[in-house]
Every structure is written in C-alpha cells, then in structure tokens.
Amino acid sequence: MEIIQIQDAPPANNEPIILCIGKFDGVHLGHQSILRQAGRLKETGQSLAVMTFHPHPLWALKRDERYRQCVTPSREKYRQLERLGVSKVYEIEFTEKYAETTPETFVYQHLSLLNIKGIVVGEGFNFGKGRKSDTDLLTDLSADIGIPVTIAPLMTIGGQKISSTDIRASIREGQFEKVNTLLGRNYSVNGKVVEGDALGRKLGFPTANLAPDGDYELPGSGVYLGSVEIATENDMAGECWYALINAGYRPTVNGKDYLIEAYLLDFSGDLYGKSMKVSFIQKMREEENFASLDELIKQMNKDKEEARVKLGLNNHS
Ligand SMILES: Cc1cc2nc3c(=O)[nH]c(=O)nc-3n(C[C@H](O)[C@H](O)[C@H](O)COP(=O)(O)O)c2cc1C
Ligand SMILES: Nc1ncnc2c1ncn2[C@@H]1O[C@H](COP(=O)(O)OP(=O)(O)O)[C@@H](O)[C@H]1O
C-alpha cells in the first residue's frame, strides 16, 4: 500500500480510483461498511484509495484532549486499511492553515488533481472551512467536476451509532467486550518489549513491558485477559500466546508511570527488543495496592487460574 503525506493539494495522479474520505480512527465496523460500499463501486482497473487527516482536526484546532489519542495510530490504521483492500492512502497533515481550506478549494483544486471515479463518505461527513460544508455541498461541488458521491448511512448497533469517540471512551473504561464488538476485532496496542525493574521473574511472573509505537488511547488501570502476538523479523504475523495483562501504575511496588505489561501463559524465553501486539479480551479486576509482595503473588496465581478456566486451558502449568 502506498502512503502519500501531503500538506494541501495531492500530487496530480491519473490512476483511476474510488476515494473514501474521513478520519477512520479505529477502522471500526462503520468504517468497514463504508470501505465495502466503495469496494462494490470499484470497476476493473480502478483501485481503492483513502484520504485521511492527522492529527484529528479537533485536537489540531481546539486541543480537545478527547481527540489526541487514537484507537489506531497511523501505522495500525494503515495496516487495517490495507487488510480491507485499500491500496493508496493520502494522509493530510491537519494544521490551522489547512483548516482554512474552503470546500471549493478542496474539491476544485485538490480533488480535481486525481482521477476520481467516485467518492464515498459516511453520513454526517463534514469538510472544509465554514458551517455548510456537509455531504450535500460535497455532492454539489463534486458533481461540477463530474464525480459522483455516495453517502454511506451510519451503522448502528442497538440503536446507537458506531463512533470512534465512544470507542475511545470504552477503551479508557476497559470495556473490551463492547470495544471489540464495535471494532470487529480485538483492540490491540503494538510496540517493543523494553526492560523494567526485573522484579517480575522474582515473583514468578515475568512480564514483557510494552513501549507503544504510537499515540494509542490506552486502557484504564486493571488486570485484563488478552493475547500477545510476537512479531517475526519484518511483520506482525508471528506466534500468539494468551496473556494476563496488567495496565496501570503497579501501586504495590510503587510504580510511577503508566505501563502495559503482559505475562504470557505457558511461555518461556527472551522477548527483549522484540515487537509485539498486545490484544485485550476482557477486564478481570481492578489493579490493587497489596500490603505485601506475597499477597500480590497469591492474587496473580488466582488470576492465572481464573484465566485458564475462562480459556478452557487444562491446569497443569
Ligand atoms: C496478572 C498480574 C496482575 C497484577 N496485578 C497487580 C496489582 O493488582 N497491583 C499491582 O500493584 N501490580 C500488579 N501487577 C504488576 C506487578 O506489580 C509487576 O508485574 C511486577 O512489579 C513486576 O514488574 P517488572 O516487570 O518491572 O519487573 C500485576 C501483574 C500481573 C502479571
Ligand atoms: N511467560 C513470560 N511472559 C512474559 N515475559 C517472559 C515470560 N517468560 C520469559 N519472559 C522474559 O522475561 C522478561 C520479563 O521479566 P521481568 O523479570 O518481568 O523483567 P522486566 O522488569 O525487565 O520486564 C520479558 O521481557 C521476557 O523477555
């Protein structure tokens, strides 16, 4: 997949494309349905392209904290888009200056440089400077340069529209049954295994400490059931292990900074420096401040047993 970073107009290109425009944070079920709709419009010889923005406009312009972190920071977003058949991404660096782009400039001067056979956006899509820059205006301006626009209806679950903002809030609350349903896959954080205080192995629970590779919306403190995929040399498709994940501040050992660490069930080996994908399945309990390390170990053993029962693993290791 080709990723083209731009600050305003894209470089002129004659390759015929169907273009989806949006932030696509999370590449959730709603986004997936927009991409599927675009895929259906695609004729032989045409490819699927996405035009997206980074950072989120509401962070860039209003410093609204709810929009700083992402369900899928760029790298993970592009990995998910590629899986869904997208072969080209235009990533617009969203700045205060870019926000001044009028709808007319965006369509007549930017989009016109590409060979767009159709545009697909979700219902409620907004673009360009000014309040009336909605899907109707996009449809009208695009019609002037001969591009049909399809508005994909917003997908709902239980009467509620699927939204990246809600998903981010649910990640903070550790509600992974809900998050994973809305994403259509398990929420995950990618990164490298880094060294910690080397206490885990003394407690009988070595934990691979994660340095995330992007600005992820991170789970609230707690102990989670999940899995860890260890990357092979160049990609993320590697061995997968169930895991107990501790996210938070480790009050028992006076931890300072927020950390995600994973104890891989039935694994032994050296993971330092490897890339891993930590996926969250469900919350098991809150992180607690135990009076002693012995009490922490006792609880971790209970956690392990509970996890094995939940996962249907036999209890011999
Ligand atoms: C299953 C599991 C549950 C944990 N629960 C807690 C907890 O409730 N409170 C806490 O302070 N730390 C908890 N921890 C974190 C440990 O304190 C931490 O793994 C240990 O201090 C080792 O740190 P290290 O990786 O820096 O060596 C938990 C870790 C695991 C693997
Ligand atoms: N089952 C396991 N789960 C996680 N890490 C393991 C496991 N077995 C061995 N390891 C190794 O042990 C390291 C963690 O040991 P630990 O004593 O917690 O040290 P640190 O504080 O540096 O993370 C991991 O980074 C990994 O290399």
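## A tour from the ligand shell to the parallel sheet

Start by selecting helix α9 (293-311), which supplies three residues, the largest share of the shell around ligand 1; helices (H or I, at least four residues) and strands (E, at least two) are DSSP runs, numbered from the N terminus. This is a predicted model, in which local features need pLDDT of at least 70 and side-chain atom pairs count only at pLDDT 80 or more, while totals for chains, interfaces and linings use all residues. Residues are numbered from 1 along each chain as its sequence is written, and chains are lettered from A and ligands numbered from 1 in the order in which they are written.

Next, display the whole shell: 23 residues surround ligand 1, and Gly196, Leu199, Gly200, Asn246 and Thr252 are the closest, where a residue is near a molecule if its C-beta atom, placed from the backbone, lies within 6 Å of it. Besides α9, the elements α8 (200-203), β12 (239-248) and β13 (259-264) each supply at least two residues of this shell.

Within α9, select arginine 308, which counts as partly exposed because 17 other C-beta atoms lie within 10 Å; 20 or more would make a residue buried, and 12 or fewer exposed, with C-beta atoms placed from the backbone. From there, move to valine 89, which is 219 residues away in sequence and 41 Å away in space, C-alpha to C-alpha.

Now show the strands of the open sheet, six in the order β1-β4-β3-β2-β5-β6 with parallel pairing; two strands pair if DSSP finds at least two bridges between them. The edges are β1 (2-6) and β6 (149-152), each of which pairs on one side only. Strand β5 (residues 114-122) is joined to β6 in the parallel sense over four bridges, and valine 121 stands opposite isoleucine 151 in β6.

Add helix α1 (residues 29-41), which packs on the sheet and touches β2 (13-21), β3 (47-54), β5 and β6, two residues being in contact if their C-beta atoms, placed from the backbone, lie within 7 Å.

Finally, colour the largest nonpolar core, which has 37 residues, and in which Leu19, Cys20, Val50, Ile119, Val120 and Val121 touch the most other members; such a core is a set of buried Ala, Val, Leu, Ile, Met, Phe, Trp, Tyr and Cys residues joined through C-beta atoms within 7 Å. Apart from this core lies another, of 33 residues, among them Val189, Val228, Ala262 and Phe280.

Methods. Axes are lines fitted to C-alpha atoms, for helices over the stretch in contact, and angles run from 0 to 180 degrees between N-to-C directions.
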